[in-house]
Amino acid sequence: MNNISTKLIHQGREQATASFSVNPPLVRASTTVFPDLASYKASYQGLAFETPRYGRSGTSTVMEFQSAMAAISNAESCIATSCGLTACLSVLAAYAKPGRQILIQRDVYGPVKAFADSELAQLGVEVEYFANEQELDSLIDNHTSLIYTEVPTSLTMKLIDIKKISAIAKSHQVPHACDATWGTPVFFDAHRFGINLAIHAATKYINGHSDVLLGAITGSYQDLQLVRDYCQLHGNYAAPDSCWLALRGLRTLSVRLARHQQNALYIASWLKAQPQVQQLLFPALPESPDYQLWQQLFSGAAGPFSIELVPCDDKQFERFINSLTLFGIGTSWGGFESLIMPAVPHHLRATTTQKHQKRLVRLHIGLEDKQDLCDDLQRAFKTLAK
Ligand SMILES: Cc1ncc(COP(=O)(O)O)c(C=O)c1O
């Protein structure tokens, strides 16, 4: 069972056989009970999040989701967390030690930067940002405890050479954690590129239906150990209901992504010819400065990308957004539906400064008919011309 499409269908269904059903049962529990004292004791000898012992350590449903995620990621293990953000922050916090340094890629997901600048700084961790492998090389030293990247970066959609980052990390024996949410394990084989800890907001494509918050971190037992300890100490656990829904989402992940990709590429190409669009930020376009890197790292393109509109005043911009009927105005992405988000909340994503009056927006291209989506955008663009 080497192909990921097959793994997506068959992994994480171990408990299904016992219940004579296709899907494993949803097991909700705060309390786990044991047949005898020996099995109770044995449960505490196993790893947290791998052995049922108390609800916070996961039920069989959580473990099914984790084992499916590990299998599709070609990793030994996975820890599910309450949401994508807690997955990111648990990794950072687990490797945070006073007097140590954490190196973070510029333009990462805004709340990660906010956490690094406030909480990590208060813990006495030195946080530095880098834009490329040269900057990383000049910053890394023997007090670096973690390198943290994201591919592509939120909103600005920049790619960094992950293979080179991993090589630098390895030569200094520093673990490399990467937010791999955009590509998912279907389009981005994170561990093959030397990433030690791959972080996923399973909220997005993995669940895929905009009704769950969930995170996942994959890696080897050894690389995950500090994160496991941290999550256990801090009660960061994933709800069985979320894991059950995300397992259902996994079954169609590769099919959905193929359609997201087809629609996104079609609409991005169409947008290139629209006079209201000044720039497209999408590494999967041959015109993108990151196109070659994208080809090396990814086997496909997901649905979110950003566009920069021609300068317009606030009223025109509002009219444009409000006249869209198929694109919902929303912060998330990765669901079946198309979304648009004005990428202006500097307070949230303060890593990039937006030029005056230029309007950066993020689109998430959903599973609707691609021509209907173009028509919707076309209608809205007309309001910019007025
Ligand atoms: C790249 C990336 N990582 C992490 C997260 C956080 O995920 P969640 O919303 O599940 O906390 C998001 C959410 O937008 C994201 O876009």
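Which strands does helix α14 lie across, and at about what angle does it run to β12? Select residues 314-322 to find out: in this predicted model, helix α14 lies across β9, β10, β11 and β12, and its direction makes about 10° with that of β12.

**The five-stranded sheet**

With helix α14 still highlighted, add the strands beneath the selection, which belong to an open sheet of 5 strands whose order is β8-β9-β12-β11-β10 and whose pairing is mixed. The edges of this sheet are β8, at residues 277-281, and β10, each of which pairs on one side only.

Start from the β10 edge by selecting residues 328-329 together with residues 339-342, which are strands β10 and β11; they pair in the parallel sense over 2 bridges. For a residue pair to label here, take Gly328, whose bridge partner in β11 is Leu339.

Next, extend the selection to residues 359-364, strand β12, which pairs with β11 in the antiparallel sense over 4 bridges. Label Met341 and Arg362 in this step, since these two residues stand opposite each other, with Arg362 in β12.

Then move across to residues 304-309, strand β9, which is joined to β12 by 6 bridges and runs antiparallel to β12. Phe305 is a useful marker, and the residue opposite Phe305 in β12 is Leu363.

**Helices α12 and α15**

Now select residues 253-272 and residues 370-385, which are helices α12 and α15; their axes come within 10 Å and cross at roughly 35°. The crossing of α12 past α15 is right-handed. To display the contact, show the side chains of Asn263, Tyr266, Ile267, Trp270 and Leu271 from α12, and, from α15, those of Lys370, Gln371, Leu373, Cys374, Leu377, Gln378 and Phe381. Coloured by class, this contact divides into 8 nonpolar, 3 polar and 1 charged residues.

**The seven-stranded sheet**

Turn next to the open sheet formed by 7 strands, in which the order is β1-β7-β6-β5-β4-β2-β3 and the pairing is mixed. Its edge strands, each pairing on one side only, are β1 at residues 77-81 and β3 at residues 126-130. If you view the strands side by side, neighbouring ones are turned against each other by 20° on average, with direction ignored.

Within this sheet, select residues 101-105 and residues 144-150, strands β2 and β4, which run parallel and are joined by 4 bridges. The pair to label is Ile102 with its bridge partner in β4, Leu146.

Two helices can then be added to the view. Residues 110-122 make up helix α6, which lies across β2, β3 and β4 and runs at about 150° to β3. Helix α8, at residues 162-171, packs on the sheet and touches β3, β4 and β5, the last of these spanning residues 176-179, while the direction of α8 makes about 155° with that of β5.

Between β4 and α8, stop in the loop, where Pro152 lies. The peptide bond leading from Val151 to Pro152 is cis, with omega near -20°.

**Helices α5 and α6**

Keep α6 displayed and add residues 84-94, helix α5: the axes of the two helices come within 10 Å and cross at roughly 35°, and α5 passes α6 in a right-handed crossing. The side chains to show are Leu85, Cys88, Leu89, Leu92 and Ala93 of α5, together with Pro111, Val112, Phe115 and Leu120 of α6. What classes of residue make up the contact of α5 with α6? The count is 9 nonpolar, with no polar and no charged residues.

**The ligand**

Leu85 also leads to the ligand, which is surrounded by 14 residues, the closest being Gly84, Leu85, Asp179, Thr203 and Lys204. Three distances deserve a label in the viewer. At Leu85, a backbone N or O atom lies 2.7 Å from an oxygen atom of the ligand. At Asp179, a polar side-chain atom lies 2.6 Å from a nitrogen atom of the ligand, and at Thr203 a polar side-chain atom lies 2.5 Å from an oxygen atom of the ligand.

**A last stop**

Finish at Phe20, in the loop between α2, at residues 14-18, and α3, at residues 37-43. Phi of Phe20 is near 50°, which is a positive value in a residue other than glycine.

How values were computed:
Residues numbered from 1 in each chain as written. Predicted model: local features only at pLDDT ≥ 70, side-chain atom pairs only at ≥ 80, totals over all residues. Heavy atoms only, no water. Pairing = 2+ DSSP bridges. Axes fitted to C-alpha atoms, helices over the stretch in contact; angles between N-to-C directions. Left-handed = near helix turned anticlockwise from the far one by under 90°. Contact = heavy atoms within 4.5 Å. Nonpolar A, V, L, I, M, F, W, Y, C, P; charged D, E, K, R; others polar. Near = heavy atom within 4 Å. Polar contact = N/O pair within 3.5 Å; in protein donor to acceptor, adjacent residues only side chain to side chain.
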